[in-house]
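This report describes the two chains in turn, together with the contact between them. The sequence and the structure are shown first.

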Amino acid sequence: MSSKKTTEGPPETQQSNGFSRRTFIQGVGVGTGAAGALLTPEAEAAPPAGVVGPGPVSMILKINGGNRSIEAEPRVTLLDALRNRLDMTGAKKVCDRATCGACTVIVDGHAVYACTMLAIEAQGREIRTIESLSASDPVPRNFVKHDAQQCGFCTPGFVMACQSFLENNPNPSQADVEAGLSGNICRCGTYAGVRMAALDAAKEVKGGRRG
Amino acid sequence: MANTYDWPSVKDRSIIGSRVNRLDGPDKATGRAKYAYDRNPEGLLTGRLVTSPYANARIKSIDASAAEGMKGVRGVVLIKDVGDEVQWVGDEIAAVAADTEELARDAVRNFKVEYEVLPHLVHDEDVKKAGNRVSPDQDDSQGDVAKALQEADVTHEGYYGVATITHCCLEPHGNTVLWKGEKDITVWASTQAVGRIGADLAKNLAADPSLPKVSPSDVHVITPVMGGGFGSKFAIDSWGIAAAKLSRMTGRPVKIMLDRHEELKIAGGRPSWYGNVKVGAKKDGTLTAFESETWSTSGMGRGSKAQLPYVLELKDTRVRHVTVATNTGPARAWRAPRHPQCAVITHCALTDLAAKLDMDPLAFFKKNADLTSRPDVYRAELDKAAELIDWAGKYHKPGAGSGHVRRGMGLSIHTWAGAPHDSQCRVSIEPDGAVTAELGSQDLGSGTRTVIGMVLAETAGLPVSQVKVNIGDSKYPPSGASGGSTTVGGVSSSTRRAAVNAVEKLKAKVAADLGAASADEIEAKGGQLRLKSNPKKAISWANACRKLGTETISEMGNQPDRDGGKLADQGVGGVQIADVSVDTETGIVTMNKMVAVQDCGLIIDLQTAESQVYGALIMGICSALWEERVYDEMSGAYLNADMEFYKLAGIGDIGELVVHMMTGVYDDRGVIGLGEPPAISPMAAISNAVFNAVGVRVPTVPLTPDRVLAALEKKGGMA
């Protein structure tokens, strides 16, 4: 399923501040991954040129079409940047390790678990959050219509997963919906409503890719 | 008229009983709804807990100096002290607050605690290993069960069990707390009890003489929405007290929400239930004897009595129950405490007894419906459920069929009281036409806000979109905690009373203009106040309100605890039937379909009522097939305190769900709570369906593949 959740982003892109994720990792001198590199104590002593962190650094995130700048340590996740630095609290923190989908945002057109992408990695990418949707948009409107929510804590993530899924899968069957939205967990038990909401919203989102 | 409050007659209802979308739905579905976790007041500090890595240990020393000295760390409070015992993994020791969440986590890593490790017990399934950790809760006898078993034509003896599960609320337990000045405390709480948090916090702060004496009314509790509780969120808890102390210490707001692993370790836990059951019946299927000897764990806490035999009342019974103290997270109430476990213990044993009698379990339960307190209701619900799942067309004897995937059906019945809790509502009508209900209640996601709006709108003769509902704030009139399915009866009754009182006042204002001798001759309908005898003689709601001049009508409605008069009642029944497939090679159980038939008196909002039942079925499927708190026997560690290995259903795991609410004559009883009842039967119904599919009982829930395969192997595999 092309909407399958991934913590991988799209191919490397050159970023506005002049370094890509790859050069950033090379600069730290470790090729295994940014998160691991940033947490090593050695990084604190006399960093070589081009290295950022471990203290706060300036970042610019392109969110819902506008640039937002924050100061945050490189270890800060996209989710924590949204919630704790930008007061954009629609995406929820639940499992904090890419299991439940409550933090789902759309990055460069694909659903991503914001708890498992670093904010610094998200620079230069198009980030869409639940705040970009209004209650009259097809997916939220159909979630309300079919009562696809109870406590509502999983809902913003489910709505964003559904939005991304429908943009990438315009004519889903129920089986497609069940596979495509299998990366989100609800505790209250709203899946019966979510199935109907997704299928009904599909009729309206069809071909209507936003942004 | 105002002394005998009642619901409008069926012909006079335009809103009650219809489907109305939840009022807070748009805010939730667009991420605008603000939960306790989402509060970021100016200057916010984030707190994290220091917790025990051991299942049982004494604290030898605590050294907070390294943590306190770290950059960005603003405060540390101890929850336990040197010499105290920690009794389960995750037990709270201290809390630290720092400028950011990341810095708070760093501080926790540098917080040094030395322990003297003590012996632990974390497993309770084998009661023989529990030694002196067993304490008796119950030994209740009536009649002569030994004689009844001896005289029974057929008897059955079996072992059944239900593992401990945890609540795993998606919004973890926690609060954002701001303590300003001496006594001005604001708590944005994730709670089921807006009205209790102030008193709970004040009482706990009083234990510290260095703090100002705080009264419950000094604490302003704000909970417009909350992210799931299911019975586990009534208290301020140690982390809420710590957040208040840290805020007092720093003068800044402090947020402490539990980490996911903490949420699973210390903030949830439905007691297990294991035991041996003997049942006896006459040849015709009449149940005559029930004897059980069961045990459970509530962590280190006290247990409670078994609800056995479940739903059915017999002359000859003996029920014994003990509690095993284990070094596991403390138990918290879960939807319908004890009932789901006791439904498994009873209805699985009875289904096995029916098989011994060579009797269809549907016929068996119908025959024994006379042993319930509402035989006609259960028979009607059994018939409806059987029809919806096509029992007559699909039922086969246990284990009948061929191939490695076997299909089967099973059923269970349940009951719950759900009397209304105490609730006060204030309804105001303002000169500009605004009409508002205010209650210090809370909406757990069950639809409470919507139900209040519907009752108010119906009573005022206005569309739901024209009324305002203010709940989730301790400054509103007090309303009970949301537990035990008591809320919908409580708030719909208090709202009806207040709304009737307020609308009466408005009617009196316009009586002369309409040529009415008294308010009794006027009705509020269709956005108008009009003469009952001549609806054309009318004044619009807006114009009627203008006559108030500068006055605002403000009237209270008071629903006392439990006695709902004509507005609310208690005591419901329900039947559920599951249809499953069991792969006898892999042991995997798949849901095909599940039917729930439920009565709950007068339904205010059919939409959110059905959602409660759908949700209960799905939660029940989770606990029947996957959910289980897993501890390591040797280390006492909690192995699956996360969402990868603490398994919950996804959207593709639930099969087809059918919900049927019993309405019509049931409406005359008034409103009755619905949160608990449908959450009771799923485990028993699904276990019985697996039994029917493979012809062998998988004794312990959850029915995981290993347990299914072990049961099949014991039988010698499938024929």
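Of the 211 residues in chain A, 53% are classed as buried. The model is a predicted one. Among the chain A contacts with a separation of 6 or more, 60% are between residues 24 or more positions apart. Chain A contains seven helices and five strands. Their succession along the sequence is α-α-β-β-α-β-β-β-α-α-α-α.

**Helix packing in chain A**

The axes of α4(A) and α7(A) lie 9 Å apart, and the two helices pack at an angle of about 145°. Their crossing is right-handed. On the α4(A) side the contact is made by A:P138, A:V139, A:N142 and A:F143, and on the α7(A) side by A:A197, A:D200, A:A201, A:E204 and A:V205. Sorted by class, this contact has six nonpolar residues, one polar residue and two charged residues.

**Contact between chains A and B**

The contact between the chains takes 49 residues from chain A and 47 residues from chain B. On the chain A side, the elements that give two or more residues are α3 (78-85), α4 (138-145), α5 (155-168), α6 (174-180) and α7 (191-205) of chain A. The most comes from α7(A), which gives five residues. The chain A side of this contact divides into 23 nonpolar, 13 polar and 13 charged residues. Helix α7(A) thus takes part in the contact with chain B and also packs with α4(A).

**Domains of chain B**

The domain assignment divides chain B into domain 1 (10-33 + 419-559), domain 2 (36-118 + 168-266) and domain 3 (273-418 + 570-715). Between domain 2 and domain 3 of chain B, the C-alpha centres are 37 Å apart. The contact between them takes 16 residues from domain 2 of chain B and 17 residues from domain 3 of chain B. The domain 2 side of this contact has eight nonpolar, six polar and two charged residues.

**Two sheets of chain B**

Strands of a sheet pair through backbone hydrogen bonds, in either the parallel or the antiparallel sense. Two open sheets of chain B are set out below.

| Strand order (chain B) | Pairing | Edge strands | Mean turn between neighbouring strands |
|---|---|---|---|
| β16-β24-β25-β26, four strands | mixed | β16 (405-416) and β26 (656-662) | 10°, direction ignored |
| β19-β18-β17-β23, four strands | mixed | β19 (467-470) and β23 (553-559) | 20°, direction ignored |

In the sheet β16-β24-β25-β26 of chain B, the edge strands β16 and β26 each have a single partner strand, so one side of each has no neighbour in the sheet. Strand β25 (residues 589-599) of chain B pairs with β26(B) in the parallel sense, over seven bridges. B:V597 has B:H660 of β26(B) as its bridge partner. Helix α16 (residues 682-694) of chain B lies across β16, β24 (572-583) and β25 of chain B, and runs at about 150° to β16(B).

In the sheet β19-β18-β17-β23 of chain B, the edge strands are β19 and β23; each has a single partner strand, so one side of each is left without a neighbour in the sheet. Strand β18 (residues 435-438) of chain B runs parallel to β19(B), and four bridges join the two. B:E438 has B:N470 of β19(B) as its bridge partner. Helix α12 (residues 448-460) of chain B packs on this sheet and touches β17 (423-429), β18 and β19 of chain B. The direction of α12 makes about 140° with that of β19(B). Helix α13 (residues 487-514) of chain B also packs on the sheet, where it touches β17, β18 and β23 of chain B. The direction of α13 makes about 145° with that of β23(B).

**A single residue of chain B**

B:S141 is located in strand β7 (residues 134-142) of chain B. Is B:S141 buried, exposed or partly exposed? There are 13 other C-beta atoms within 10 Å of that of B:S141, so the residue counts as partly exposed. B:S141 and B:S474 are 333 residues apart along the chain, and their C-alpha atoms are separated by 46 Å.

Technical notes. Residues are numbered from 1 along each chain as its sequence is written. Chains are lettered from A and ligands numbered from 1 in the order in which they are written. This is a predicted model: local features need pLDDT of at least 70, side-chain atom pairs count only at pLDDT 80 or more; totals for chains, interfaces and linings use all residues. Two residues are in contact if their C-beta atoms, placed from the backbone, lie within 7 Å. Ala, Val, Leu, Ile, Met, Phe, Trp, Tyr, Cys and Pro count as nonpolar, Asp, Glu, Lys and Arg as charged, and the others, Gly among them, as polar. Two strands pair if DSSP finds at least two bridges between them. Axes are lines fitted to C-alpha atoms, for helices over the stretch in contact, and angles run from 0 to 180 degrees between N-to-C directions. A residue is buried if 20 or more other C-beta atoms lie within 10 Å of its own, exposed if 12 or fewer, and partly exposed in between; C-beta atoms are placed from the backbone. Domain bounds come from an automatic or database domain assignment. A crossing is left-handed if the near helix is turned anticlockwise from the far one by less than a right angle, and right-handed if clockwise.
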